[in-house]
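Hi,

Here is the model I promised to pass on. Have a look at it first, and then read my notes underneath.

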Amino acid sequence: MNILFVCTGNTCRSPMAEGILKSMLSEKDNIQVLSGGIFAPQGAGASENAILAMREKGIDISAHTAQNINPDVIGESDLILAMTSSHKQMIIAAFGDEARGKVYTVCEYADIDGEISDPYGAGIDCYKECADMLEGAIGKIYDKIRR
């Protein structure tokens, strides 16, 4: 199974989500995890506060490099998890039938209310809150996909 997390710039939320899910996987899980952005600064690293928030959880995303989503990665993905409903709609608008039926928001797929707010430009506490929300939602998602 190939899972793709998508946010705007692929420097905060989606790399944190990718790191969190990868940290939950075991060797017997046949799951590949990627992340991408709708408007990513190609090749940029994860934001410093995202790296710090993940480090507190024992997860290292310091080697992450931002990339834009494209038809190939959308086509290869079995499940696409967007941070917000507007991201979901942009993915469907850009990739149509290739994305339809396999794109959800993180919260929608986890069966919880809300969206994953963008911490970009905010202080470390905002990044920690975002990381905690992602961790809770992704824990539910991991349980769901393992069933």
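Below is what I found, going from the strands to the helices, the core and a few single residues.

One thing before you start: this is a predicted model, so please read everything here in that light.

**The strands**

I'd begin with β1, which covers residues 2-7. Five of its six residues are buried, so the rest of the structure largely encloses this strand. β1 has two partners that I followed up. With β2 (32-37) it pairs in the parallel sense, over six bridges. With β3 (79-82) the pairing is again parallel, over four bridges. Val6 is a handy place to see both: its bridge partner in β2 is Gly36, and in β3 it stands opposite Ala82.

From β3 you can carry on to β4 (residues 103-105), which pairs with β3 in the parallel sense over three bridges. Here Leu81 stands opposite Tyr104 of β4.

And which way do the residues of β3 point? Leu79 and Leu81 go one way, Ile80 and Ala82 the other, and all are buried.

**The helices**

α1 runs from 13 to 24. As a quick check on its geometry, 12 residues at 1.5 Å each should span 16 Å, and the C-alpha atoms at its ends are 17 Å apart, which agrees. Nine of those 12 residues are buried, so α1 is largely enclosed by the rest of the structure. The buried ones are Arg13, Ser14, Pro15, Met16, Ala17, Glu18, Gly19, Ile20 and Leu21; note that Arg13 and Glu18 are in that list. What covers them? The cover includes β1, β2, α2, α4 (85-95) and α6.

α2 (48-55) has a buried side of its own. Ala50, Ile51, Ala53 and Met54 are the buried residues. They take up an arc of only 165° around the axis, which puts them on the same side of the helix. As a reminder, an α-helix has 3.6 residues a turn, so residues three or four places apart point the same way. The face of α2 turned away from the buried side carries Glu48 and Arg55, which are exposed. On the buried side, the packing is against α1 and α6.

**The core**

The largest nonpolar core has 34 residues, and Phe5, Met16 and Leu134 are the ones that touch the most other members. Elements that each supply at least two residues to it are β1, α1, α2, β3, α5 (106-109) and α6 (124-146). Which of them gives the most? That is α6, with nine residues.

Leu134 is worth clicking on. Beyond its neighbours within four places in sequence, Leu134 is in contact with Arg13, Met16, Ala17, Ile20, Met83 and Ile116. Apart from this core lies another one, of 13 residues, with Val73, Ile74, Ile91 and Ala99 among them.

**Three residues to look at**

Thr84 sits in the loop between β3 and α4. Is it buried or exposed? Its relative accessible area is 10%, under the 20% cut-off, so Thr84 counts as buried. Its side chain makes a polar contact of 3.0 Å with the side chain of Ser86. Leaving out neighbours within four places in sequence, Thr84 is in contact with Arg13, Thr105, Glu115 and Ile116.

That leads to Thr105, which is in strand β4. Thr105 is buried too, with a relative accessible area of 7%. Setting aside the residues within four places in sequence, Thr105 is in contact with Leu81, Ala82, Thr84, Ser85 and Lys88.

Phe39 is the one I'd like you to look at last. It lies in the loop between β2 and α2. At 59% relative accessible area, over the 50% cut-off, Phe39 is exposed. In general, nonpolar side chains in soluble globular proteins tend to be buried together. With neighbours within four places in sequence left aside, Phe39 is in contact with Thr8, Gly9, Asn68 and Met90. For orientation, the C-alpha atoms of Phe39 and His64 are separated by 16 Å, with the two residues 25 apart along the chain.

Over to you!

Methods
Residues are numbered from 1 along each chain as its sequence is written. This is a predicted model: local features need pLDDT of at least 70, side-chain atom pairs count only at pLDDT 80 or more; totals for chains, interfaces and linings use all residues. Side-chain values use heavy atoms; hydrogens and water are left out. A nonpolar core is a set of buried Ala, Val, Leu, Ile, Met, Phe, Trp, Tyr and Cys residues joined through side-chain atoms within 4.5 Å. Buried means under 20% relative accessible area, exposed over 50%, partly exposed in between (1.4 Å probe, protein chains only). Contact means heavy atoms within 4.5 Å. The expected span of a helix is 1.5 Å times one less than its number of residues. The arc is that of the directions from the helix axis to the C-beta atoms. A polar contact is a pair of N or O atoms within 3.5 Å; within protein, one must be able to donate a hydrogen and the other to accept it, and residues adjacent in sequence count only if both atoms are side-chain atoms. Two strands pair if DSSP finds at least two bridges between them.
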